[in-house]
Amino acid sequence: MDAVPARPARIQDVAAAAGVSVSTVSNVLNRPERVTAQTAERVRVAVAALDYVPHPGAAGLRTGHSSAIGLVLPDVTNSFYARIARGAADAAYDHGYSLVLCHSGDAPEREQGYFSMLAEQRAVGVVVVPLSADPGRLARLRERGIPLVLADRAMPDREGCSASVDDIAGGRIAVQHLLDSGARDILVVNGERGIRQCADRYQGARQAVRSHREARLDQVVAERMTVAHGTEIARGLKNLPDGVFCTNDFLAAGLCRGLTERGVRIPEDVQVVGYGDLDVATFGATTLTTVRQPVEDLGRAAVEMLLDEIEARADHLHETRVFAPGLVLRDSTRPRTDDRGQSLDQAAAD
């Protein structure tokens, strides 16, 4: 029969072993100047003998805060948000903090609930990754009195710190590549326009097309930004464009799957560009040309700005940090060529 493991020693056990009160043990551990040297030594001997480890939550209650940072994400199963979490966790660990992961489902009431819980647990601050948050919703979160930094969404530095990607530039890069690769009838497969990132990426796409009078830009909005919805849109297209920009890689992967089912060749018949450079971009038979975002950097930067606000206090200045996206070339688009038919993309890579 397996032996029942001994329970960890409690502060009451230390007090009994040393022949003192629980408050005296607490003073030895946290305010030793209040205890005589002889009593303190007796308590330390008991701590060592019992292998007692103080509970970190109790320390947080005494000091007024814990060493925890909250990270509120709309979807913990999405690889994009998982990569933000990885960057945030690395930064928190490097600075001696832990990360509390909260899955909001992008629901305002759940965000409020998490803020209440984090406030009760005296978390030092919160990084929030909103999906479709409105300004009033964010203002209500700030009213909780906890330092707050936004990730994957810019806000004016007079209101607080934020870390985001220049999505207008990202949309412009994606469609400019399609234009440079010969596409002229371009479709944008987008998410809901109420999502700021989707609106910005479409704005960038429109900017790219303005410089090509012969080019045409159209848009279809997916009910959800998933592989399944991308596939459904591809199956329903009546007039095929020669270039498609999907505002995330899940939509792009689904679109490629749906077009392939119809016998459409990629990139010979239709060129496709995604957004995000997520794992799904390399899973299919046709790998995706896509816009890469420095996702881990978003999480890391958000935590570092939050900790600066907490530790610098009066000296802290709010900051709006914006990261630049870049293009990753793969199989779903044709390489650009010069007048002699030589690949410009290969020349750039060399």
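Salt bridges, a helix and a pocket

Trainee: The side chains of Asp-277 and Arg-292 meet in a salt bridge, N to O 2.8 Å. Why is this pair called a salt bridge?

Mentor: This is a predicted model, and the term rests on a cut-off: a side-chain nitrogen of Lys or Arg within 4 Å of a carboxyl oxygen of Asp or Glu. Arg-292 and Asp-277 are at 2.8 Å, so the pair qualifies. The pair links distant parts of the chain, 15 residues apart: Asp-277 is in the loop between strand E9 (271-276) and strand E10 (289-292), and Arg-292 is in E10.

Trainee: What makes Asp-277 buried or exposed?

Mentor: The relative accessible area of Asp-277 is 12%. Buried means under 20%, so Asp-277 is buried. Arg-292, at 43%, is partly exposed, because that class lies between the 20% limit for buried and the 50% limit for exposed.

Trainee: Which other residue forms a salt bridge with Asp-277?

Mentor: Arg-330, with the closest N and O atoms 2.9 Å apart. Arg-330 lies in the loop between strand E12 (326-328) and helix H13 (344-349), and Asp-277 in the loop between E9 and E10, so the pair ties together parts 53 residues apart in sequence. Elsewhere, Arg-83, Arg-86 and Glu-296 are joined into one network by salt bridges that share partners.

Trainee: How many salt bridges does the structure hold?

Mentor: It holds 14. One of them is between the side chains of Glu-214 and Arg-184, at 3.1 Å, N to O. Glu-214 is in the loop between helix H9 (196-210) and strand E7 (216-221), Arg-184 in the loop between helix H8 (167-180) and strand E6 (185-190), and the two are 30 residues apart.

Trainee: Why do Glu-214 and Arg-184 count as partly exposed?

Mentor: Glu-214 has a relative accessible area of 49% and Arg-184 one of 26%. Both values fall between the 20% and 50% limits, so both residues are partly exposed.

Trainee: What is the span of helix H5, and how does it compare with the expected span?

Mentor: H5 (residues 79-94) has 16 residues and reaches 23 Å from its first C-alpha to its last, close to the 22 Å expected at 1.5 Å a residue. Its buried residues include Phe-80, Tyr-81, Arg-83 and Ile-84. The buried residues of H5 pack against strand E1 (68-73), strand E2 (98-103), E9 and helix H12 (295-312).

Trainee: How do you know that Asn-78 caps the N-terminal end of H5?

Mentor: A side-chain oxygen of Asn-78 lies 2.8 Å from the backbone nitrogen of Phe-80. A polar contact needs N or O atoms within 3.5 Å, so this distance meets the limit. After H5 comes Gly-96, with a positive phi near 80°.

Trainee: Which residues are closest to the centre of the largest pocket?

Mentor: The largest pocket has a volume of about 700 Å³. Of its 30 lining residues, the closest to the centre are Asn-78, Tyr-81, Leu-131, Met-225 and Asn-248. H5, H9 and E9 each supply at least two residues of the lining, and H9 gives the largest share, three residues.

Trainee: What makes the link between Thr-24 and Ser-21 a polar contact?

Mentor: Their side chains are joined at 2.9 Å, and the limit is 3.5 Å, so the distance fits. Thr-24 is found in helix H2 (residues 22-30). Leaving aside neighbours within four places in sequence, Thr-24 is in contact with Val-35 and Thr-39.

Terms used: Residues numbered from 1 in each chain as written. Predicted model: local features only at pLDDT ≥ 70, side-chain atom pairs only at ≥ 80, totals over all residues. Heavy atoms only, no water. Helix = DSSP H or I, 4+ residues; strand = E, 2+ residues; numbered from the N terminus. Polar contact = N/O pair within 3.5 Å; in protein donor to acceptor, adjacent residues only side chain to side chain. Contact = heavy atoms within 4.5 Å. Buried < 20%, exposed > 50% of the residue type's maximum accessible area, 1.4 Å probe, protein only. Expected span 1.5 Å × (residues − 1). 1 Å grid on protein atoms, 1.4 Å probe; cavity = no way out; pocket = protein on both sides within 12 Å on 5 of 7 lines; lining within 4 Å. Points joined across faces, edges and corners; volume = space filled by probe spheres on them.
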